[in-house]
Amino acid sequence: MSYSPTLIVHICGGVVGLVSGTAAMCFRKGSPRHVLAGRIFVASMLTMGALAAYLAITRHQPNNIGGGILTFYLIGTAWLTARRRDGETSRFDWVALLIPLAIGILMWMNGLKVVRSGASSQNGVPVGMILFMGSVCLLAAAGDVRMLVRGGVFGAKRIARHLWRMCFGLFIAAGSFFFGGSNRPLRLLSTVGVGKYLSPALFNTTLYLILTILPLILLIFWLVRVRFTKAYNGKSMIPGRVAGFVEQKPAP
C-alpha cells in the first residue's frame with residue numbers, strides 16, 4: 001500500500017500526538033517533562049489537524065474537513081490559553097469562536113437530517129456521535145463568548161479551559177486513529193512488516209474503544225480535580241509555557 005508524503009506526515013503527526021499527549025497527562029502538571037511533552041503534542045496535533053482538513057478537501061471527504069478544523073481550533077485555543085496571562089484576550093478570539101459555532105450548527109443540522117430519514121448512522125458514524133460532537137462544538141463556542149464577555153479567564157478556570165481542550169483534541173485524534181479506517185493500526189504496522197509478529201489481541205475493537213475513550217475519562221478527572229478540589233486553588237499557568245502551574249502570590 002502506497003502513502004503520499006502528505007498522508008505520511010499526517011499519520012506521523014497523529015501518532016506523535018497520541019504518544020506525547022499521553023505522556024503529558026501522565027507527567028506531573030507543570031514539571032519540565034510535562035511542558036516538553038505538551039509542546040511536542042501541540043506541534044504534532046496542529047500539523048495533524050491542518051493536514052487532515054487538507055486531505056479531506058482534496059479527497060472530497062466533507063465529513064473529515066470539520067474534524068480537522070475542529071482539532072486545530074481546540075489545540076490552538078488551548079495553547080493560546082497557556083501562553084496568555086490571566087484575563088488576556090484579543091480580537092482573534094471573536095473570529096475563532098465562529099469555528100465551533102459553525103461546525104456545531106452544521107453537525108446538529110446533519111444529525112437531525114439523519115434522524116428524520118430514519119437512519120442510525122451516516123458514512124459509518126452513529127447519529128449519536130454526530131450530535132455529541134455538535135454539542136461539544138456549541139459548548140466550546142459558548143465558553144469563548146463567556147470568556148470574552150467576562151474579560152478573560154482566570155486562575156483555575158483558565159487551567160480547566162486549557163486542559164479540557166487539550167484532552168478533547170486527544171480524544172478526536174485517538175478516535176480517528178483507532179476507528180478512522182479498517183483496522184488502521186494493523187494496516188500501518190503491516191505496511192512496515194511488524195503486524196504479523198504481534199498478537200491479534202492487540203487489534204481488537206474492545207481495546208480500541210478503551211484507548212479511544214481514555215482521554216475523555218482523564219478529561220473528566222482533571223476537570224473535577226481543577227474545578228472542584230483545592231488542588232489548584234491559587235494557582236495559574238506560567239505564560240509562554242504549555243503548561244506550567246505556579247502559585248499566584250497576592251499583590252503587595
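**Entry 1: Phe168**

I started with phenylalanine 168 in this predicted model. Its relative accessible area is 3%, and since buried means under 20%, I wrote phenylalanine 168 down as buried.

Next I looked up its ring partners. Phenylalanine 168 pairs with phenylalanine 171, with 5.2 Å from centre to centre and 55 degrees between the planes, so I noted the pair as tilted. The two sit 3 residues apart in helix α7, which means about one helical turn separates them. Phenylalanine 171 is buried too, as is phenylalanine 168.

**Entry 2: Trp164**

How many aromatic pairs are there by the rule I used? I got 6. One of them joins tryptophan 164 to phenylalanine 168: the centres are 6.3 Å apart and the planes meet at 70 degrees, which makes the pair edge-to-face.

Tryptophan 164 and phenylalanine 168 are 4 residues apart in helix α7, so again about one helical turn lies between them. Is tryptophan 164 buried or exposed? It comes out at 18% relative accessible area, so I filed tryptophan 164 as buried.

Then I put the rings together. Phe132, Trp164, Phe168 and Phe171 make up one aromatic cluster.

**Entry 3: Arg150**

I moved on to the surface. Where does arginine 150 sit? I found arginine 150 in the loop between α6 (127–149) and α7 (155–179). Its relative accessibility is 53%, and because exposed means over 50%, arginine 150 goes down as exposed.

I also checked its company. Arg150 belongs to a patch of positive charge on the surface, together with Arg146, Lys157 and Arg227.

Notes: Residues numbered from 1 in each chain as written. Predicted model: local features only at pLDDT ≥ 70, side-chain atom pairs only at ≥ 80, totals over all residues. Heavy atoms only, no water. Patch = residues over 30% accessible without salt bridge, like charges linked within 9 Å, V, L, I, M, F, W, Y side chains within 5 Å. Areas by Shrake-Rupley, 256 points an atom, 1.4 Å probe, with all protein chains shown as cover. Salt bridge = Lys/Arg side-chain N within 4 Å of Asp/Glu carboxyl O. Lys, Arg positive; Asp, Glu negative; His and termini not counted. Charge placed at Lys NZ, Arg CZ, Asp CG, Glu CD. Buried < 20%, exposed > 50% of the residue type's maximum accessible area, 1.4 Å probe, protein only. Phe/Tyr/Trp six-rings, centres within 6.5 Å; stacked < 30°, edge-to-face > 60°.
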